[in-house]
Amino acid sequence: MVKFLDAQKAAGINPYPHKFNVTMTISEFIGTYGGLDNGECLEDVLVSLAGRIMSKRPSSSKLLFYDLYGGGVKVQVVADTRSSELEAAEFSTLHSSVKCFDIVGVIGFPGKTKRGMLSIFPKSFVVLSHCLRVMPTRDQPSENVNLNKSQVWVPGNTRNPDLYLLNDEETRYSMRFLDLMWNDEAREVFKTRSKVITYMRKFLDNLNFLEVETPIMNMSRGGEASARSFVTHHNELNMKLCMRTAPDLYLKQLVVGGLDRVYEIGKQFSNKAIDQRHNPEFTTCKFYMAYSDYNDLMCLTEKMLSEMVKVLTGSFIIKCHSNDPDQEFIEIDFTPPFRRINVIDELEKFTQLSIPQDLASEEANKFLMDVCSKYDVKCQPPLTSARLLDKLVVHFLEETCLNPTFIMDYPEMIHPLAKCHRSKSGLTEYFKLFVNKNVLCNGCTEANDPMVQHRRFTDQLKDPQSDGGVAVLDETCTALEFGLPPSASWELGSCALSCHEASVRAIY
């Protein structure tokens with residue numbers, strides 16, 4: 001094929017044209033001319049389409065049939081010497097060089113064959129880009145699998161990997177363009193993710209939030225002291241810079257400056273674990289909302305997510321794959337209001353034990369170690385009370401969160417940067433929303449007392465797993481000393497979600 005292209009170039013023919021004018025998409029073509037009668041052709045109408053050839057079926061040297069794909073749909077191309085502007089010899093030469101998976105442009109008239117197949121009958125046919133590689137083939141399909149590309153996945157339904165025309169996972173993930181080319185479902189997932197982000201923007205904009213962009217590279221990394229950042233180097237300034245782990249610092253400064261409602265949708269980076277539930281590069285939506293608290297956030301979260309699911313799927317109830325081999329799928333109900341459970345109260349209910357009030361005491365630490373041992377809950381050293389308590393929450397509470405559930409009022413030692421609970425000593429006004437046993441978003445009433453913030457951040461920096469953060473401490477407390485109004489912060493998406501942008505996992 002390379003020799004053929006070299007020959008074309010030598011003959012003064014450009015095998016990769018600069019431009020092809022498309023008058024309508026294949027989807028628009030189907031919508032406009034799908035109502036034609038069998039055998040009807042509109043020879044006085046010219047349209048131009050472009051797409052990828054996914055099937056070539058020669059009937060003779062003078063008649064060939066192609067399947068032209070674009071935008072997830074296809075249309076038949078009936079290449080016939082009787083409708084072509086080319087002479088028979090030129091026609092034969094052109095179409096003998098056309099291969100499956102080439103990208104082509106077609107100018108012709110619409111019509112239907114006598115058997116009722118909507119088609120375009122080209123007067124002009126040009127190859128726009130050549131496929132020079134051998135396409136991977138599907139592994140052996142499962143028994144009774146119908147490989148029909150017309151079975152389009154829609155949000156709210158389970159995924160159907162058995163129907164993928166390309167099902168080798170390594171190939172799909174390493175060459176995502178092939179996944180998109182072959183598997184309509186993969187393309188629909190990309191579209192759904194875009195719709196989710198568009199919906200969230202519109203929702204927040206309607207509440208008078210202002211979208212902002214804050215620096216990604218900083219001298220300090222932002223976020224909590226336990227966060228670990230990626231480090232890069234600025235050659236011109238001869239300076240070490242950190243990739244941010246969170247946008248909190250700058251968003252907080254904007255609220256101090258008088259922008260009461262701000263949000264940012266952007267990339268964060270975490271140089272920690274990487275597995276099926278953690279990814280070093282991830283997208284979040286983070287907002288700060290002045291004169292609000294975590295109760296307002298939970299109501300807002302219920303409204304945003306339930307309405308988004310209803311708009312995208314047509315129902316509050318969606319289907320997800322089940323990890324139970326005896327159960328094909330599970331249903332998740334986003335009908336508001338969502339369930340709300342208190343961390344300490346619910347743990348005491350499950351264990352039938354009374355957890356010590358002073359969780360920072362040695363007595364509490366020994367108690368939590370005994371509870372973990374009793375219920376065979378594994379925890380890696382150091383066996384601090386915060387780590388032990390967090391493992392108990394995972395073991396007992398998160399496993400109950402199939403439908404959307406707020407786990408709220410975490411102890412201060414687990415989330416020290418949230419504001420102290422107004423009525424429960426030792427707890428904070430912090431929540432996480434779990435869906436299908438995975439955290440989807442979190443929020444809290446912001447700590448706006450600079451002295452308290454300084455003390456808690458300093459305590460975090462003493463943690464042996466801390467990644468430094470003195471600069472973050474100084475900048476945060478300096479901003480708070482100018483006065484941060486009573487505020488609440490909210491985040492959807494985190495490194496604790498999957499590498500496929502699982503901030504929308506519940507929807508697709």
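## Salt bridges

In this predicted model, the side chains of D179 and R172 meet in a salt bridge, with 2.9 Å between N and O, and both D179 and R172 are buried. A second buried pair is formed by K252 and E446, whose salt bridge has its closest N and O atoms 3.2 Å apart. K252 belongs to helix α7 (residues 248-256), whereas E446 sits in the loop between β17 (438-445) and α12 (450-461), so this pair ties together parts of the chain that are 194 residues apart in sequence.

The salt bridge between K366 and D370, with the closest N and O atoms 3.1 Å apart, is of a local kind: K366 and D370 are 4 residues apart in helix α10 (residues 362-374), and therefore about one helical turn separates them. K366 counts as exposed because its relative accessibility is 52%, which is over the 50% cut-off, while D370, with a relative accessible area of 42%, is partly exposed. Elsewhere, R57, D67 and K74 are joined into one network by salt bridges that share partners. The count of salt bridges comes to 25.

## Chain and secondary structure

The chain contains 13 helices and 18 strands, and 47% of its 508 residues count as buried. Its accessible surface comes to about 25,900 Å², and carbon and sulfur atoms account for 52% of that area. When contacts between residues at least 6 apart in sequence are considered, 64% of them join residues that are at least 24 apart.

## The eight-stranded sheet

An open sheet of 8 strands runs in the order β6-β10-β11-β18-β17-β16-β15-β14, and its pairing is mixed. Its edge strands, each of which pairs on one side only, are β6 (210-211) and β14 (339-342). Strands of a sheet pair through backbone hydrogen bonds, and the pairing may be parallel or antiparallel.

Strand β18 (residues 487-492) runs antiparallel to β11 (residues 281-290), and 6 bridges join these two strands. On the side of β11, K286 has E491 as its bridge partner in β18, and Y288 stands opposite S489 of the same strand β18. On the side of β17, a further 5 bridges join β17 to β18, again with the two strands antiparallel, and here C441 has L492 as its bridge partner in β18.

Which residues of β18 point one way, and which the other? S487, S489 and E491 are directed to one side of the strand, and A488, W490 and L492 to the other, with all of them buried. Strand β18 is accordingly described as mostly covered, with 6 of its 6 residues buried.

## Nonpolar cores

In soluble globular proteins, nonpolar side chains tend to be buried together. In the present model the largest nonpolar core has 37 residues, of which M200, L204, F287, M304, F431, L433 and W490 touch the most other members. Helix α8 (residues 294-313) supplies the largest share of this core, namely 9 residues. A second, separate core comprises 27 residues, including L389, V393, C401 and C444.

The surroundings of L433 can be described in some detail. Once its neighbours within four places in sequence are left aside, L433 is in contact with T301, L305, F338, P404, T405, F406, N438, V439, L440 and C441. One of these residues, C441, is also the residue whose bridge partner in β18 is L492.

## Helix α6 and a contrast at the surface

I197 has its place in helix α6 (residues 184-206). With a relative accessible area of 18%, I197 is buried, because the cut-off for that class is under 20%. Although I197 and I265 are 68 residues apart in sequence, their C-alpha atoms are 8.4 Å apart in space.

V2, which lies in helix α1 (residues 2-10), provides a contrast, since its relative accessibility of 51% makes it count as exposed. V2 belongs to a nonpolar patch on the surface that is formed by M1, V2, F4, Y16 and L132, and these residues together have about 420 Å² of accessible area.

Methods:
Residues numbered from 1 in each chain as written. Predicted model: local features only at pLDDT ≥ 70, side-chain atom pairs only at ≥ 80, totals over all residues. Heavy atoms only, no water. Buried < 20%, exposed > 50% of the residue type's maximum accessible area, 1.4 Å probe, protein only. Contact = heavy atoms within 4.5 Å. Areas by Shrake-Rupley, 256 points an atom, 1.4 Å probe, with all protein chains shown as cover. Patch = residues over 30% accessible without salt bridge, like charges linked within 9 Å, V, L, I, M, F, W, Y side chains within 5 Å. Salt bridge = Lys/Arg side-chain N within 4 Å of Asp/Glu carboxyl O. Core = buried A, V, L, I, M, F, W, Y, C linked by side-chain atoms within 4.5 Å. Pairing = 2+ DSSP bridges.
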